[in-house]
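User: I'm new to looking at proteins and would love a close look at one part of this one. Please walk me through it slowly, along with whatever lies around it.

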Amino acid sequence: MAGGVIVLDFGAQYNHLIARRIRECEVFCEVLPCNTTIEAIRAKEPRALVLSGGPASVFDPGAPRLDPAILDLGIPILGICYGMQLMAFLLGGVVRPAQDREYGRAEMERTTSGSLFEDVPQNSVVWMSHGDLVESVPPQFEALARTKRTPIAAMACPKRNLWAVQYHPEVHHTPEGMTIFRNFLYKIAGLAKDWKPENLVKRGIEEVRTAVGSGRALVALSGGVDSAVAGAIARAAIGDRLTAVLIDHGLLREGEVEEVQDAFSDIDLRVVDAREPFFKALVGITDPEQKRKVIGREFIRAFERVQSEIGQRDVLIQGTVYPDVIESGGQGARTIKSHHNVGGLPEDLTFHVVEPLRWLFKDEVRRVGESLGLPESLIWRQPFPGPGLAVRIIGEVKGDKVEVLRAADAVVRDEIRRAGLERSIWQAFAVLLDLRSVGVMGDARTYGYPIVIRAVESQDGMTADWVRLPYDLLERMAARIVGEVESVNRVVYDITSKPPATIEWE
Ligand code: XMP
């Protein structure tokens, strides 16, 4: 996609946040590996480059480097953290190991008022995370800012259009970070706000039409938003030549199958009732990993049964989203290797894969879904693991336990929705424990299951914090669960973040 910004990825864990921030400025941005050749970069006709952070030191023998000719492309370049150190190192500045690694919050003082720092107060807070630092800038560069422990916290050579910051403007802990991106994109690179995720709908429709030709395509729906939006694009492209498959393993949430059926009532949707084989295969399985393996295997079997019914399709529409593409090395998988997104497909299927959402982040996918008229309940559904409720039932998965959990989970989600919190919380759900405790109801002793409520905030599921839900909301949930769900007599709230816990219990 010509004309946007390219982020060269030097390996920091949260580099996708840089792309996120640039997209938030309504400028298109893609992330490419740091060893992308200058020819490949030129072919994309970028209007600006960002060199990301990374865990290496420029002194490490195997440290990722950059073809110095890239710094002479003539387009504005912003180095961030390792990107700044590499820029300094390659252009004749002095980089040295810091006396002690600077990590976390730092007070920064701006020492000039160049374009990069326009509207940034003289003193502001930034987030640092580095082991090396730039001790003196390369020829023609000037230092722009400092902190107590970092003498050169930012530098620039406006003549060559090279800019760099030692800190991380992409993280929320740097409150003026977005100002830096806006300055770099609009004022320095002269970019306009012309990126909207909806721009990709037309392109996605054309892509599907070209790939399918006069043939037919398949989309595997999981009940989640990504596959639903990819399916909606495919439906707009080829209408009734699309077959959608939803495997109902009996471990979906309340109303999930019906919502998918309603949203896709106008295409050939096969809901495969695979509850029996899944439950049979889960008998006696208590180990979490074993559970996941059994479920993965059953997915494949169910899919093979559908395939023998409907015949082979040449094109598979997949709801791969941009973070998956970045994680798999920048270009996404062309043949299916991992079946994470589609809930398990046989290894030996050879499809031409079309991924109309591969440029989009989750919230952008939701915007596209809205523009395609998918129901709100489907678009704003929270992430849900492929193995479904099975990983929220501790111990053996049995039909009656699934019913208990599904009912309790429906209460949690209903109360979260009523409180208007559904969109701001990453996930809120119920977990059923494999133990029973004593209670008293209507003067009688009970001996029932406890339900755990789990609600977390997260940017991407990799780290998470428990949500400080209001006590009265928790009380309403607890009262309703105990009152409405038979065999539950106790409700507890999980107050652990990730790490050390995980979001799901298994
Ligand atoms: P954990 O439990 O690892 O979960 O903290 C992180 C995020 O990933 C989701 N999750 C899965 N999603 N298939 C999926 O599609 C899976 O097997 C799976 N396991 C966990 C989880 O819901 C959370 O959002």
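Analyst: Let's start with a term we need: a residue is called buried when its relative accessible area is under 20%, exposed when it is over 50%, and partly exposed in between. Keep in mind, too, that this is a predicted model.

Our part is helix H9, and we can walk up to it from the loop before it. Aspartate 287 sits in that loop, between H8 and H9. Its relative accessible area is 42%, so aspartate 287 is partly exposed. The side chain of aspartate 287 comes to 3.0 Å from the backbone nitrogen of glutamine 290. For a sense of distance, compare aspartate 287 with isoleucine 233: they are 54 residues apart in sequence, and their C-alpha atoms are 39 Å apart in space.

Now for the helix. H9 covers residues 288-310, which makes 23 residues. At 1.5 Å a residue it should span 33 Å, and its end C-alpha atoms are 33 Å apart, so the expected span and the model agree.

Which residues of H9 are buried? They are Lys291, Val294, Ile295, Glu298, Phe299, Ala302, Phe303, Val306, Gln307 and Ile310. Try reading that list by its numbers, with this idea in mind: an α-helix has 3.6 residues a turn, so residues three or four places apart point the same way. What do the buried residues of H9 pack against? Their partners are three strands, E10 (217-221), E11 (242-248) and E12 (268-273), together with helix H8 (275-281). Just after H9 comes glycine 311, which takes a positive phi of about 85°.

One residue in the stretch 288-310 of H9 also leads us to the ligand. Arginine 292 places a polar side-chain atom 2.6 Å from an oxygen atom of the ligand. Two other side chains also bring a polar atom to a ligand oxygen: glutamine 427 at 2.8 Å and tryptophan 426 at 3.3 Å. On its own the ligand would expose 490 Å², and the protein buries 77% of that.

Stepping back to the whole shell, 13 residues surround the ligand, and those that come nearest are Arg292, Gln427, Lys498, Ile503 and Glu504. How many residues of each class make up this shell? There are five nonpolar, five polar and three charged ones. That brings us from the loop before H9, where aspartate 287 sits, to the ligand, where Arg292 is among the nearest residues.

Definitions and conventions. Residues are numbered from 1 along each chain as its sequence is written. This is a predicted model: local features need pLDDT of at least 70, side-chain atom pairs count only at pLDDT 80 or more; totals for chains, interfaces and linings use all residues. Side-chain values use heavy atoms; hydrogens and water are left out. A residue is near a molecule or strand if one of its heavy atoms lies within 4 Å of it. A polar contact is a pair of N or O atoms within 3.5 Å; within protein, one must be able to donate a hydrogen and the other to accept it, and residues adjacent in sequence count only if both atoms are side-chain atoms. Accessible areas come from the Shrake-Rupley method with a 1.4 Å probe; for residues, only the protein chains shown count as cover. Ala, Val, Leu, Ile, Met, Phe, Trp, Tyr, Cys and Pro count as nonpolar, Asp, Glu, Lys and Arg as charged, and the others, Gly among them, as polar. Helices (H or I, at least four residues) and strands (E, at least two) are DSSP runs, numbered from the N terminus. The expected span of a helix is 1.5 Å times one less than its number of residues. Buried means under 20% relative accessible area, exposed over 50%, partly exposed in between (1.4 Å probe, protein chains only). Contact means heavy atoms within 4.5 Å.
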